[in-house]
Amino acid sequence: MKSPKKYLIILLLAVLAFALTACSGNGGSTPTAAPTDAPASAGSETATAATADDGKAGETAPASDHPLSAAYGFQWTDPTAPILNEKGAQELAFRVYSSKNASALDYNDMKIMADLFAQTHVQVNWENVSESVYSQQKNLIFGNKDNRPDAIYHAGMGAGEIIKYAKRKVLVPISDYLDYMPNFKKLLEERPDIRAQLINIEDGKIYSLPRIEEMGLLQNPNLLFLNVPWTKAAIADGAVDGLTEDQLKDGLALTSAQMEKILTYFRDHDMNGNGKTDDERPLSFVYNNWQGNQCDLYGMFGLNDNLEHRVVVDGKITYTVQDDRFRDATNFIAGWVDAGLIDKVSFEQSQDNFLANGKGLETYGAFYWWESETVVSNPENYIVCSPIVGPNGDQTICVSNNPEISTGEVILFSSCQYPEVLLAYFDRYYDPVISAQINYGPIGIVYEEARDEKGMLVQKPLPEGVTSDELRLQNAPLGIINLGEYAWNNVVHMEPRAQLRLERLQLCAKPFVAENVAPCPNLQFTLEELNTLSNYETNLNDYIRTNLISWLMKGGVSDAAWTSFQGDLNGKVNLAGIQKVYQDAYDRYTAK
Ligand SMILES: [Ca+2]
Ligand SMILES: [Ca+2]
């Protein structure tokens, strides 16, 4: 096709002219204004009749007012009918730029995308690049105002970037088009918390579409696993007080004294029977990793730590590093490192190394991770434990700030000619049946055509030689979805591994988060607040990180060093200023 854009402009002008003459008297209204329904506004009786017959009235009346409706059959009120007619399918097309996972098919070749085209008649031409190319090209795309795509999928836009580009009018204010997005509009009405995470507080508008995957898995990214045969050996040898073999079941709560005895036994004996006593790793984790990190160890001293050391307690943004219990916990943990009970490699290794070391000859006595199945070759040898009970009787767990709602997933450029059509199309992604296929793969490949008696999607048998992860990564674009409680109960079963993890969390994590403790949600900041964060926050994080790793690896923190650390937090690194920014943003969030 040559110069389709020019052709489209001419065509649109023709359509517009036609539409304007066709509905004289309505010419002044803009396409995006709420559609006025002549019969409904004529009198209260007809209005009641129109509401009673809501579905039908909505199908025809508002759509016919839109300039694109006459030529292209544009409609958005019936979410099961095509958005455009055949002519629209052939003559309108959208360019959407998107990074994709290396294992994924080109989105133009994905069945779910073909199915969406068949259902909507909206032609999207995907421009796929790798994730690393996207991160290199992102600024170029935003900078090149003459040749921007219509939208970016997997846009990964931070709150600061959105504020910046919204101010320059580069982005489409999506909230102006909610009438074209029945699923998304309903979602925002039902979930003011999600709305509050999306609204740009500089102008009160929404500029990005979110991904919502609420499984309840992210808040506690660590679980403690313990090697049962090894622990049995320690018990049989009389090395652990107050612990019997029959207690070695999922949910076991060890005291820190018992754990210390067990780890010491692992350290001193040839547990894996290879003739060496020094190749066992008593307790392992991956320091400051998003999953399987050290934070749960701080729960022994009553702190709900996380990687940012920032958690909401009683509605207040709280930094765990300002609490004297953090000093006590650090000194206690440093003692275990010093004694060789915590493998020093835990502070240096990557996630990949940690996983590789778990395979083959058994070397892990205890470890923190998301699940045991990906870590060790024989997960059946391990139980999942409740948090360790600390020396003063405290027992609590890490509360991570990993959000289940990610904002900034999709943005539209203001150069997009028909944002209402593209947004009506993206709105379909929030239908739970579509969301499930966007996230796991399409009906026909991953799911059977027929649903079960409850209406749930049914998994197809796997093709030979393909794992479910491979099939999913190849066929699912991921991205904007709405999968929450409703979907898990009515549309799609959680994957067995996710279900297993949820059961473990119910047993070993959820009961150990106090009611007054919560993670910090996605917050929206003013430009001034963003400036404060960009001026000070990296510095604060570096300062804490440098000190903490040195304390943990070098025997702990002295009282003098702790006092001087507290002085710096309050002084040169401006923790108070950063804390105030979060507190103000959090207060605005809870007020909504
Ligand atoms: Ca050993
Ligand atoms: Ca050994």
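This briefing describes selected strands and helices of one predicted model and how they pack. Because the model is predicted, local features are reported for residues with pLDDT of at least 70 and side-chain atom pairs at pLDDT 80 or more, while totals for chains, interfaces and linings use all residues. Residues are numbered from 1 along each chain as its sequence is written, and chains are lettered from A and ligands numbered from 1 in the order in which they are written. Helices (H or I, at least four residues) and strands (E, at least two) are DSSP runs, numbered from the N terminus.

**Strand 7 and its partners**

- Strand 7, residues 223-227, is mostly covered, with five of its five residues buried (20 or more other C-beta atoms within 10 Å of the residue's own, against 12 or fewer for exposed and in between for partly exposed, with C-beta atoms placed from the backbone).
- Both faces of the strand are covered, since L223, F225 and N227 are buried on one side and L224 and L226 on the other.
- Strand 7 pairs in the antiparallel sense with strand 11, residues 364-369, over four bridges (pairing requires at least two DSSP bridges between two strands), and L224 stands opposite Y368 there.
- Strand 7 also pairs in the antiparallel sense with strand 12, residues 382-385, over four bridges, where I383 is the bridge partner of L226.

**Helices 9 and 16**

- In helix 9, residues 159-167, the buried positions are A159, E161, I162, I163 and A166, and their cover includes strand 4 (199-200), strand 13 (405-412) and helix 21 (527-553).
- Helix 9 is followed by K169, which has a positive phi near 60°.
- Helix 16, residues 419-427, is mostly covered, with nine of its nine residues buried, among them P419, E420, Y425 and D427.

**Helix 21 against helix 23**

- Helix 21 and helix 23, residues 575-591, pack at an angle of about 135° with their axes 9 Å apart (axes are lines fitted to C-alpha atoms over the stretch in contact, and angles run from 0 to 180 degrees between N-to-C directions).
- That angle makes helix 21 oblique to helix 23, given that angles under 35 degrees count as roughly parallel, over 145 as roughly antiparallel, 65 to 115 as roughly perpendicular and the rest as oblique.
- In the contact (C-beta atoms, placed from the backbone, within 7 Å), E529, T532, L533, Y536, E537 and L540 of helix 21 meet L575, G577, I578, V581, D584 and A585 of helix 23.

Notes: Contact = placed C-beta atoms within 7 Å.
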